[in-house]
Structure formats: structure tokens, C-alpha cells
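Thanks, everyone. I will take a few minutes to go through one model, starting with a term and then moving from site to site.

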Amino acid sequence: MASSDALVTLLKDLVAIDSTSVRTNLPVLEVLEPRLQALGFRCQRQRYADEAGVEKANLLATLGAGLPEVALVGHTDCVPFDAAWREALTLTERDDRLYGRGACDTKAFVACAVTAAAAVKDRLRKPVLLCFTADEELGCFGAKKLVEGNLGHARRAIIGEPTQLTPIRANKGYCLAEVEVLGQEGHSAYPDTGRSAIAGAARLIARLDAHGRGPLREQLDRDFLPAHGTLNVGMVSGGRAKNVIPGACRFTLEWRPLPAQPVDALLEVLRGFIAEAQGQEPGFSATVRPLRLDRGFDTAPDADLVKALERLSGKRAETVSFGTEGPQLQTLGAVPVVFGPGDIRVAHQTGEFVPRAELLRAQAVLEAALLEFAG
Ligand SMILES: [Zn+2]
């Protein structure tokens, strides 16, 4: 078994790189790739330019030939950090906790994956894959590139996210749309000279809100908390001045379907509400721009990877309501389970940390899982 020094040193090196999603993730790969090559992994980069033209890449490192029995998948990007957080890029240990941006989400898992592979590689007889993705925090864009490129196949995938070492066998989908309601501007002293887009949007939002509290709660999956799909109108903007009848109002509609629910079901509900409003209010006009339609995933509770990670971690598998790269890995043919050190509740915050003991434990579990499926 590799020493914990190697693990913490690698995490320190990874945290030192500012890999906020707007930046290139290539410097992270520059740290990982030579180490993996030195261990005998064949490395392949899937390059792409993001929407802003910034160079990104997924790194695929394979040991052995044939379809990998298990893949360890971790994302290399992080959410932005507050400039005042002085430890953000300097891994700092205090009270058995390691602080820094990405210390928990998800560089801890990435460091564990590489260190675990190093520790057991000589005992692996079957192929394994280590896969490090870009742009997870922006919407799993790196993992979606894998699907587009038909890369990253494996029988099973352990996807790193801070789950406090609890195996996560399902997550809800994540969908987002922008809705724009158009009215007609006019002088507010003469309401009949215009048509308020804000009032129209408010009526639409009220319908959606009622749907979220009513019909959306009818289909249940008791493995989730809450057990139903959810929706949220998170941002509203509109209007020009206090004395102008507003001509336009925009809002975001986010919804998280259960794995069994079609991702576009709520879109159809919304379009139905718009059609009704058009029938009731002459001139009512609204456009819908879907931005994300990511389904969830649902791995069977008795899948061998779920059972193994439950046994190795000593924790029963659970589900989560946030998105992960599980659906993409599932599309590529793997049975996915999400697992990693750290707590999602401290991820994305100033003061993000991973407990040292959990970090070491994660490496041990990954070593055992590699040996169980590829030994
Ligand atoms: Zn993450």
C-alpha cells in the first residue's frame, strides 16, 4: 500500500492548480498523465474547445487490454473561489482536515484514484480505466463529450463526488429552461395602451408553482428525498421603469425529474399552460428555450458494484437529488455508482475541506474495489 504521504502530496499538487471551470484543465492533466504513464497506463486525451474557445480535455488512462472491468471517474474542474480565501490553492491541514478549493470536490477522489491504482497495479490481471473529465461543474460537458466520442467504456464506473464514502446508486435528472413572456409597453397611467409581460409571467409562474405542489408530487420513488420530482423558478427579470407597462419578462425554470420520468415531461406541461394562456388572453406570447435536459440514473440496489461498495465502506447505498456524471457513464455501458470522500455540503464553499481519515479510507476502498473486479 502506498503511503498516505503520496496521497496528500498529490492532492496538494492538484489543489495548487486553479482549475476553475472557466480555465483550461490541461495543467491538471500535466500532473496526472506522467504519473499514470509511469505506472504503465496508456493515456489518451480527448481534446475540445469549450463555448468560450478555451482548450479542455478528458484524460483516459487504461491498464490492460479489452473492456475495462471498472473505471474510476473524477472531474478535474472546480467551482470558482472567493479571492479572499487565502488557502484556496494551498492545501492546508488543521484538526485532521485538509482545506482548499477542490480538496473535497473532487480532487480528493482524483488523488485517491491515482494513488490506489499505483498501490495495486501489479496485482491487477484484468483491464481498468482511470478517466478524468473536464467541465463537470458547468453541466457534465466533459462527460457528454465522452458520449459523443464514444470513449470511456467500462463494465462498472465508480464516479467520484463527495458522498462521505456512501455509495450513491441513483440521482435525479437535471433540467433547465429559460422562458420569456412578451407583452406590450405603454404608459402605466393608461393600462389599456399596453399588456404587462410581468403579469403574464406571474400567472404562468403561479400555474407552475401549483403544478409543483400538486400533480408533480403524484409520481413517487421512495428511494429519493423528496420522493417526487421538483421544480423551481429561480430567477425572474423584467420591466424597464416603474411607470412603464413591462414589455418583456424572463424567468428560469429548473426541474429535477425522477430517473423514471421523461426529462421533457415538464416542458410539455409548460407548453400546455402557455397554450391555455394564449386561449384566455388575446396577444399572450411566451417562448421557451430549453438549456439542459439531463436525465438521472438508477443502478439496481443489488448490482455487484453497489454490493461491493456497501461492504467495503460499511455504508448502505443511498440516492441523491443532485446531478452527477452517472447518466453519461451509464450511456457508455457502465453500471455507475457515485462514491467519494468529503461532504457535498461543504463543497462549493469557502473553507471546503476533506477529513484526512476519510481521504485515506477512500483510497483503501478504491484499492479493494480494483482488486475485487480486476484482480
Ligand atoms: Zn463534483
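A residue counts as buried here when its relative accessible area is under 20%. H75 has a relative accessible area of 0%, so H75 is buried. Keep in mind that this is a predicted model.

H75 brings us to the metal. What coordinates the zinc ion? The donors are NE2 of H75, an OD atom of D105 and two OE atoms of E161, at 1.9 to 2.6 Å. Along the chain, these donors follow the spacing H-x29-D-x55-E. H75 sits in strand 3, residues 70-75, while E161 belongs to the loop between strand 7 (156-159) and strand 8 (168-171), so this pair ties together parts that are 86 residues apart in sequence. E161 is also buried, at 4% relative accessibility.

Now the geometry. For four tetrahedral donors, the ideal angle at a metal is 109.5 degrees. The four donor atoms around this zinc ion subtend angles of 53 to 142°, which makes the arrangement irregular. To count as tetrahedral, all angles would have to lie between 85 and 135 degrees. Water is not among the atoms, so the site may look incomplete.

Next, helix 4, which spans residues 141-149. Which of its residues are buried? They are G142, A143 and L146. Those residues cover an arc of only 100° around the axis, which puts them on the same side of helix 4. Their packing partners are strand 1 (42-49), strand 2 (55-63), strand 6 (128-133) and helix 8 (326-331). After helix 4 comes N150, with a positive phi near 55°.

Strand 6 was one of those partners, and L130 is found in it. L130 is buried, with a relative accessible area of 0%. Leaving aside neighbours within four places in sequence, L130 is in contact with L36, F41, L59, L60, A61, L72, A113, V114 and A117. As for distance, the C-alpha atoms of L130 and D223 are separated by 29 Å, and these two residues are 93 apart along the chain.

Last, T252, in strand 13, residues 248-256. Is T252 buried or exposed? Its relative accessible area is 14%, so T252 counts as buried. With neighbours within four places in sequence again left out, T252 is in contact with L176, A177, N232, V233, G234 and M235.

That is the tour. I can go back to any of the sites.

Note on methods:
Residues numbered from 1 in each chain as written. Predicted model: local features only at pLDDT ≥ 70, side-chain atom pairs only at ≥ 80, totals over all residues. Heavy atoms only, no water. Donors = N, O, S within 2.8 Å, 3.2 Å for Na, K, Ca; no water. Tetrahedral: all angles 85-135°; square planar, octahedral: opposite > 155°, others 65-115°. Helix = DSSP H or I, 4+ residues; strand = E, 2+ residues; numbered from the N terminus. Buried < 20%, exposed > 50% of the residue type's maximum accessible area, 1.4 Å probe, protein only. Arc of directions from axis to C-beta. Contact = heavy atoms within 4.5 Å.
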